[in-house]
Amino acid sequence: MKKLIALSCLTALMLAGCGVDEPAESISKPDPVRVPTTEAATEPETEAPTTAATTRKTKPATTKATTTTAATTATAATTTTAGGTASFADRMNAYPDLYAAEVRRVWDDIYDKNDGVVSIDYATYDLDADGIPELMFKFGTCEADYMVNVYTVDGDAKLKTIGELSGSHVSFAKDYDTGEFVLAGGHMGYGGMRWLTMENDLIKEVRSDSFEFRDSDDFEARMMDEGVYYLDYIHAYSFDKESEPKSYVMYAYSEYEELDGLYIDFGYGWASH
């Protein structure tokens, strides 16, 4: 069922907090990008996720289409080092299943450890412009423990983690002037944006911007001044093991599609590239 209103992360960024009165981190001094040595998922707290609705402004025109791919239940992929002899076609063919398996693995892990409480956002974005998109994956139970993991497909057509960042009070966005991926968000009147790229199979922060804002309109006006706009993504959550999970295909600045169950889709219709 499509609805003509956007379910905005930004309102949740500013108004939610799972009982946390202060930001989980200082937006004015963003955490440095951390490259992990293991593939272990963060063990989150047991607080309920939050969602909220708001209206967003117009962004540069893009083409979108709804897909109907069913949820994937593939086994988890293995992290490997860069290099290898896989062809571009092999890597391109591999990424949908690899990313879907990782989303499912992390979802199941958080779901089992927290009595069914889990919340995720995910999108794809071609950070290094090589034709194969990276996975941008935000997960946890609420704003207090969200993480963003970034994955790519390495030279052996295997899943590779290339960075871990705090996911508290952030949304996925794009700089339409430079083509760079942006994490944008704020909480309690303090906001920031982080421009990210990929270099030598690692996430690299290009620059950052911190500022104060009054409300969501003020925040989005600052984004647009920088040429930054939200991306389409998929959001899913579960409140407990007795209720069915809900998923949303989120079309930035326009409509969203609500779906029953955990929806995992790496088709080409909705994804940001």
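Helices here are DSSP runs of at least four residues, numbered from the N terminus. The model is predicted.

**Exercise 1. Classify the ring pair of tryptophan 107 and tyrosine 111, and place it in the fold.**

Solution.
- Start with the whole structure: a search finds 16 aromatic pairs.
- One of them joins tryptophan 107 and tyrosine 111, with 6.5 Å centre to centre and 20 degrees between the planes.
- Planes under 30 degrees apart count as stacked. The pair is therefore stacked.
- Now place the residues. Both lie in helix H2 (residues 88-113). They are four residues apart, about one turn of the helix.
- Check burial, where the cut-off is under 20% relative accessible area. Tryptophan 107 has 3% relative accessibility, so it counts as buried. Tyrosine 111 has 18% and also counts as buried.

**Exercise 2. Decide whether the rings of tyrosine 176 and tyrosine 229 are stacked or edge-to-face, and say which parts they tie together.**

Solution.
- The ring centres are 5.7 Å apart and the planes stand at 90 degrees, so the pair is edge-to-face.
- Tyrosine 176 lies in the loop between strand E6 (171-175) and strand E7 (181-187). Tyrosine 229 lies in strand E10 (residues 228-230). The pair therefore ties together parts that are 53 residues apart in sequence.
- Tyrosine 176 is partly exposed, at a relative accessible area of 26%. Tyrosine 229 is buried, at 13%.
- Tyrosine 176 has a charged partner too: the charged end of lysine 174 sits over its ring, 4.7 Å from the centre.

**Exercise 3. Find what lies 9.3 Å from tryptophan 107, C-alpha to C-alpha, yet 130 residues away in sequence.**

Solution.
- The residue is tyrosine 237.
- Tyrosine 237 belongs to strand E11 (residues 233-238).
- Its relative accessible area is 13%, so tyrosine 237 is buried.

**Exercise 4. Trace the pairing of strand E8 with E7 and with E9.**

Solution.
- Begin with E8 itself, residues 190-199. Seven of its 10 residues are buried, so the strand is mostly covered.
- Take the E7 side. E7 and E8 run antiparallel and are joined by seven bridges. Glycine 185 has glycine 192 in E8 as its bridge partner.
- Look at the E7–E8 turn. The two strands form a hairpin with two residues between them. Methionine 188 in this turn has a positive phi of about 55 degrees.
- Take the E9 side. E8 and strand E9 (residues 202-212) are antiparallel, with 10 bridges between them. Tyrosine 190 has glutamate 212 in E9 as its bridge partner.
- Look at the E8–E9 turn. This is again a hairpin with two residues between the strands.
- Finish with a side chain: the charged end of arginine 207 sits over the ring of tryptophan 195, 3.7 Å from the ring centre.

**Exercise 5. Locate alanine 129 and asparagine 200, and state whether each is buried or exposed.**

Solution.
- Alanine 129 has a phi near 55 degrees, a positive value in a residue other than glycine. Its place is the loop between strand E2 (118-125) and strand E3 (134-140).
- Exposed means over 50% relative accessible area. Alanine 129 reaches 67%, so it counts as exposed.
- Asparagine 200 is not a glycine, but its phi is positive, at about 55 degrees. Asparagine 200 is in the loop between E8 and E9.
- At 70% relative accessibility, asparagine 200 counts as exposed.

**Exercise 6. Name the residues that ring pairs link into a cluster with Phe266.**

Solution.
- The residues are Tyr95, Tyr99 and Tyr122.

Notes
Residues numbered from 1 in each chain as written. Predicted model: local features only at pLDDT ≥ 70, side-chain atom pairs only at ≥ 80, totals over all residues. Heavy atoms only, no water. Phe/Tyr/Trp six-rings, centres within 6.5 Å; stacked < 30°, edge-to-face > 60°. Buried < 20%, exposed > 50% of the residue type's maximum accessible area, 1.4 Å probe, protein only. Lys NZ or Arg CZ within 6 Å of the ring centre and 35° of its normal. Pairing = 2+ DSSP bridges.
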